[in-house]
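Here is a walk through one protein model. Keep the structure open and follow along.

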Amino acid sequence: MIENECFFYTEALKGEPLLQSEKLVKAEEITRPKSLLDKQLLPLWFLGKSFLQGNPNFIAVAFTQFREESIKIVNGNPLLRRIIFFPQIFANFSDSYRDCLLINPEISIPSEVDYYASVEGCGSIEFARLGMVVRRPYSMLLKTYVWRPGEKVFMGSMLLEDIDAGVMEHEYIHLEGKDATFYPENILNFTDPKHEGWNNRDETQEMVAREIREIALGNNTERYKGWLIHKEGKFIVVDSYGKHMRDFKS
Ligand SMILES: [Zn+2]
């Protein structure tokens with residue numbers, strides 16, 4: 001039964017790209033998460049799980065990135081979208097948060113937080129074909145309802161650090177109907193040594209620039225078809241050496 005459902009949702013989503021920036025919408029808060037039924041949540045869990053299984057470059061997915069029709073197929077009424085499927089355990093992600101739906105997540109970032117340079121793509125920015133170096137908080141507090149198959153919805157809160165915090169911020173802003181291009185000040189210009197935001201923790205500009213070249217040159221396959229940077233008030237796409245390729249329209 002479960003395998004059949006999983007197969008169905010994988011098939012339903014095969015080849016379907018995530019929504020791009022201009023179509024993302026802010027998700028409404030889900031009312032009374034604890035009274036949601038397994039039969040409402042299980043199809044959504046499969047939707048997230050199947051999507052990530054079919055797209056191994058993605059770490060997590062926010063449900064505002066799916067077409068409304070896809071969500072309606074699996075769970076029509078009410079439309080539940082203030083959800084992130086979060087599959088992985090990184091530095092500090094406890095087992096009870098693995099492979100779960102995070103429902104109505106709330107994040108708070110300490111005012112004195114350190115930031116790090118995150119090298120990432122986004123399924124909602126040119127179908128994940130562009131790389132970005134994004135300034136992400138090194139830690140945050142996550143408060144969220146959590147659900148996994150076979151368990152009841154519970155409220156949890158925990159401190160996220162490093163990539164956990166970065167991924168969570170990335171997905172959270174999708175629930176707000178936004179993506180990284182809504183925060184140009186956080187997209188680091190790796191071609192400019194004077195760009196503020198570098199030299200936090202152990203990620204120097206040189207290290208990130210080297211990482212970018214390694215990704216571009218590794219195995220002769222380019223994971224990204226260019227890099228998005230914000231320069232002199234506008235977004236442009238450059239190659240791994242910082243050479244201008246084209247303008248960017250979000
Ligand atoms: Zn994204």
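Start at the hairpin made by β6 and β7. Six positions would be easy to lose track of in a turn, so look for Gly150 as a marker. The turn holds 6 residues between the two strands, and Gly150 within it has a positive phi of about 85 degrees. The strands run antiparallel and are joined by 8 bridges. One of the pairings sets Met140 against Leu160 in β7.

The model is predicted. Its mean pLDDT is 84, and 81% of the residues reach 70 or more. Confidence peaks in strand β3 (residues 100-108), at a mean of 96. Confidence is lowest in helix α1 (residues 2-13), at a mean of 61. Where pLDDT is low, the predicted coordinates should not be read in detail.

Now step across to the other side of β6. Strand β6 (residues 139-147) also pairs with β3, antiparallel, over 6 bridges. Here Ile103 stands opposite Tyr145 in β6.

These strands belong to an open sheet of 5 strands. The order is β1-β2-β3-β6-β7, with antiparallel pairing. The edges are β1 (61-62) and β7 (154-161), and each of them pairs on one side only. At the β1 edge, strand β2 (residues 83-86) is the partner, over 2 bridges in the antiparallel sense. Val61 has Phe85 of β2 as its bridge partner. In a regular strand the side chains alternate between the two faces of the sheet.

Next comes helix α4 (residues 163-175). The helix has 13 residues and spans 19 Å from first C-alpha to last, close to the expected 18 Å. Is α4 enclosed or exposed? Of its 13 residues, 10 are buried, so α4 is largely enclosed by the rest of the structure. Among the buried ones are Val167, Met168 and Leu175, but also Asp164, Glu169, His170, Glu171 and His174. An α-helix has 3.6 residues a turn, so residues three or four places apart point the same way. Just after α4, Gly177 takes a positive phi of about 80 degrees.

Move on to strands β8, β9 and β10. Strand β8 (residues 227-231) and strand β9 (residues 234-238) pair antiparallel over 5 bridges. They form a hairpin with 2 residues between them, and Glu232 in that turn has a positive phi of about 50 degrees. Trp227 stands opposite Val238 in β9.

Val238 also has a bridge partner in β10, namely His244. Strand β10 (residues 244-247) runs antiparallel to β9, and 3 bridges join the two. This hairpin has 5 residues between its strands. Gly242, in the turn, has a positive phi of about 90 degrees.

Which residue contacts does Asp239 make beyond its neighbours within four places in sequence? They are Gly226 and Met245. Asp239 sits in the loop between β9 and β10. Asp239 counts as partly exposed because 16 C-beta neighbours lie inside 10 Å. Its C-alpha is 6.0 Å from that of Trp227, although the two residues are 12 apart in sequence.

Finally, step back to the whole protein. There are 5 helices and 10 strands. Buried residues account for 35% of the 250 residues. Of the contacts between residues at least 6 apart in sequence, 68% join residues at least 24 apart.

Technical notes. Residues are numbered from 1 along each chain as its sequence is written. Helices (H or I, at least four residues) and strands (E, at least two) are DSSP runs, numbered from the N terminus. A residue is buried if 20 or more other C-beta atoms lie within 10 Å of its own, exposed if 12 or fewer, and partly exposed in between; C-beta atoms are placed from the backbone. Two residues are in contact if their C-beta atoms, placed from the backbone, lie within 7 Å. pLDDT is the predictor's confidence in each residue, from 0 to 100. The expected span of a helix is 1.5 Å times one less than its number of residues. Two strands pair if DSSP finds at least two bridges between them.
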